[in-house]
Amino acid sequence: MSDSVTFRVHRFKQGDAASHHDSFEFEPGPRSTVLDALTAIRRTQDPTLTLRHSCFHASCGTCGMKVNGREVLACVTNVRELGTGEVTVDPLDNAPLVSDLVVDMGPFFARLNAVERPLVRESELVPGAHTASGIPQPLRYEDCIECGICISACPIAATDPEYLGPAALAAADRVREEPRGGDVPFVLGLADDPHGAWRCHVAFECSEACPSNVDPAGHIMQLRRSLIGRRWRALLAQPVEAGR
Amino acid sequence: MTGPTDELRAAPGGGRELPERWAPEERDTLPGVGWAWQAITGALVLVLLTLHMIANHFVVQGGLRDYQQVIAYITNPIILPLETLFLVVVSWHGLLGLRAVIFDFGLSARAERIVTRVFVVVWLATIVYGVTLLAILVTRP
Amino acid sequence: MTDRTAPTGRTALPDATAPSSARRRGVAGWVDVRGRRLGGWAFILNRVTGLGVLFYLYLHLLVLSQLAIGPGAWDSLLKNWFLNPVFLVLDVVLLAGLLIHGLNGIRVSLVGFGLVVSRQKALLGAFGTIGAIVLLIGTLMFISHGG
Amino acid sequence: MSLENRSPAPHVVIVGGGGTGGALALDLVLRGLRVTLVERGEITSGTTGRHHGLLHSGARYAVNDAESAVECIEENQLLRRVAPGSFEENDGLFVGIDDEDMAYGEKLFAACGATGIPARWLSPAEALRLEPNLNPALKGAIQVPDATFDAMRLPLRWFASAKARGAVIEPFCEVTSFVVRDRCVAGVRGRDHRSGKDFEIGADLVVNAGGPWAEKIAAMAGVDVPIQPSPGVLLALRGRLCNMVVNRMHKSGDGDIVVPQRALSIVGTSSWVVEDPDDLGVPEDHVQKMYQEGAKLIPAVMSAPFRQAWSAARPLIGSREASTGRELSRTFKCFDHLEQDGVEGFVTISGGKATTARAMAETTANVICGKLGVDAPCRTRDTVLLPHTAHYAA
């Protein structure tokens, strides 16, 4: 058995009529990831290959792509563990294609931007740890690494271009849980929309695919529960106000 | 406070600007109601369908009612309103579901309105058809 | 050599944000099952069975019009068609469709109203098991009726 | 000469889309210049994004390099003001395990006092109360205002803010040659890998902000820049083992830091030297060293689930004969190639640290404005940055 793996890589340049796949050979080591393979291919075989990457350890979320049809972070996907002699690499779905493996994250970030979820949270810190003097409140980053994998895996995002999407809805629910100065009624108003929390069809593909344990679908369901509660409270408050 | 400042909001790209196509021309006044309806009618369909299946197939010798058995069944004063309700609810649930599937093809707001109107007509026609059929059978000597 | 040159101080690069090709899969997104997990399958099956059952509903209503024609029309339909083994197989398919759509509907409603969210995977498994058992019992009953 | 009298304003092309390039783009547009930044790959895909995310208090340098330490604590305080909401602001600990560490600790505490870095001795019990996962055998700890930042998302705020003020940011545009007329750099040529088409951009001045790639970029202009790419291995473990940055109370060495980040803990770093910053590799013995040394600070490092090990190349200035990179300076240098090599219109910025990227940009922008005859003050010290999401959303 040969150690070499064939990478079938999606190729597209702006102005091309259609995309195609190019094949490259790569010999993986025990630690080689799909990202290592792609950067090695770019270095030694084709310098025109475009892909997004930054941190190499599942913290930045730039290297989300489809490997053998599944959405993953290329930087933590071990080539040998895939167990296939041929590895197909495609860009994420449900986003505008820029070139090769690069998609335009603009629509994704526009939604996150609108929700205005703070980057740092004040919960899920080290259990039992006390706060150092001079620190008002210990902080840590939110789990979401804004990779776009949830949008690619979501069957609703595939059909509804206006869908707010799992990441932004999960972010909205985080604002509800922990406002940190955020405008909760505004954010709930965004989510309470036919193209918002109500559009989800509970496939949980986003939560399955999420590389950072965000559980977007779970957040969407919590969001719905609080939206229903809000609706009931508004309904019950009306007669009370009318009676005054 | 770690939330965004007004200064950041005011800056270009500083937040709250959604892609144009996301902001619907007419905001649904009660978003989520269609979804809730589908769940409620679905639950009703489940109950009525279970009754319908048991009464029509599982308790009947041979699994299907012959003509006389059908007439005997639907002239029952409890069954008749239940079967009528079943027709109303199941066609509502089914057509609302089909409408959602059609909307997934990415229709314009105008086309969506037309589809909705057509479906209301189809739904009413279904009820008229079913009720007429029941009336003929129940009133037949 | 270069197809875009610019005088000093001016750039002539393309608009990188212009989408060259939308990769939204559209309706293919819910038909394409490659790489999908159990919940994705449930979503697809829910739609397929929903469409199938709706088609059956109207077929069923149409067939019932034979009742209006009279006892002869209905009973001969019964004898010549519906008690045929081929129809019994179709009945099993219908029952499977109803079970998938109905049980998944309960799951989607419960989870969708914010209930059992943390145990939704277990719910999916439990409903899958219930559906399989009911389908088996139903099939046996169809066979016993046919025999 | 003021900018109002010049139309159009001078155009600066920055080659390299790391943190330094981003901060420089913002600095220059805030001073009224026109800026185009070209980057071979995605923004922050080189060294910047692979950083462990330590916002230095300066304590790491206080004993041996007071100048760097002062620079760090200034930038540390300044960045919290201009980039609110971008940091895990939980402070850091220098943890002493043995008597040698404690002896270093005395020097460290004194040096922090001399360089203006707030520092506080903690007893072992106090340190364990703050960080229960620390090695229980610790002998003492010093609390300093370290913090964690997201190696990509903090720089993205510079890019977002620069873009919002008119800078043109072009990723996936690789420079392949310089436009040189009469020993004067007048622009860059290259290929836009998104379209596969060649481009040429004219410039009044070109800045080489290539980090460890700076030497390769400078060579295109026929200029030598002594950069030694010096990679280090980092290890990411699943689970948050600490809230504060945990440093070894010792002079810089392998595996002397654990940086919490989101739901990960990053153990760093090692140091060696390579020729090609594109071909680093991850030496297995370095990974094992991270486990061994990291576990001396936090024993749970040994049992925490593995997430990833990777390498990042520091752009160190200095001799190519270096063997580990540790002997090379961590300060930055701005080269005006007119003085050094007789080439006009070309400036290189390299060396330095992620914490001081803004300061590097300020120094470089001062040099650039001096060369272009632009009289405008630096404004990045008090301009609050846009959120990182605005970089892609805008």
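Start in chain D: select Asn208(D) and Thr348(D), because the tour opens on this pair of bridge partners, with Thr348(D) sitting in strand β20(D). Keep in mind that this is a predicted model.

**Stop 1: strand β20 of chain D**

Widen the selection to strand β13, residues 205-208 of chain D. Three bridges tie β13 to β20(D). The two strands run parallel.

Now add strand β19, residues 332-336 of chain D. Five bridges connect β19 to β20(D). This pairing is antiparallel. For one of its bridges, select Phe332(D) and look across to Gly351(D), its partner in β20(D).

Next, select residues 346-351 of chain D, which make up β20 itself. How many of the six residues are buried? Six of the six are, so the strand is largely enclosed by the rest of the structure. While you are here, show the side chains. In a regular strand they alternate between the two faces of the sheet.

**Stop 2: two helices in chain A**

Move to chain A and select helix α6, residues 166-177, together with helix α7, residues 184-191. Two packed helices are described by the angle between their axes and the distance between the axes. Here the angle is about 150 degrees, and the axes lie 9 Å apart. An angle over 145 degrees counts as roughly antiparallel, so that is how α6(A) runs to α7(A). The crossing of α6(A) past α7(A) is left-handed.

Show the residues that make the contact:

- From α6(A), pick Leu169(A), Ala172(A), Val175(A) and Arg176(A).
- From α7(A), pick Val184(A), Val187(A), Leu188(A), Leu190(A) and Ala191(A).

Colour them by type. Eight are nonpolar, none is polar and one is charged.

**Stop 3: where chains B and C meet**

Select chains B and C. The contact draws on 24 residues of chain B and 25 residues of chain C. Which helices of chain B each supply at least two residues to the side that touches chain C? They are α2 (33-58), α3 (67-74), α4 (79-103) and α5 (109-139). On that side of chain B, 15 residues are nonpolar, seven are polar and two are charged.

**Stop 4: chain C as a whole**

Hide everything but chain C. Its 147 residues include 24% that count as buried. Chain C has five helices and one strand. Trace the elements from the N terminus and you meet them in the order β-α-α-α-α-α.

Finish with the contacts inside chain C. Among those between residues at least 6 apart in sequence, 59% join residues at least 24 apart.

Technical notes. Residues are numbered from 1 along each chain as its sequence is written. Chains are lettered from A and ligands numbered from 1 in the order in which they are written. This is a predicted model: local features need pLDDT of at least 70, side-chain atom pairs count only at pLDDT 80 or more; totals for chains, interfaces and linings use all residues. Two residues are in contact if their C-beta atoms, placed from the backbone, lie within 7 Å. Helices (H or I, at least four residues) and strands (E, at least two) are DSSP runs, numbered from the N terminus. Ala, Val, Leu, Ile, Met, Phe, Trp, Tyr, Cys and Pro count as nonpolar, Asp, Glu, Lys and Arg as charged, and the others, Gly among them, as polar. A residue is buried if 20 or more other C-beta atoms lie within 10 Å of its own, exposed if 12 or fewer, and partly exposed in between; C-beta atoms are placed from the backbone. Axes are lines fitted to C-alpha atoms, for helices over the stretch in contact, and angles run from 0 to 180 degrees between N-to-C directions. Angles under 35 degrees count as roughly parallel, over 145 as roughly antiparallel, 65 to 115 as roughly perpendicular and the rest as oblique. A crossing is left-handed if the near helix is turned anticlockwise from the far one by less than a right angle, and right-handed if clockwise.
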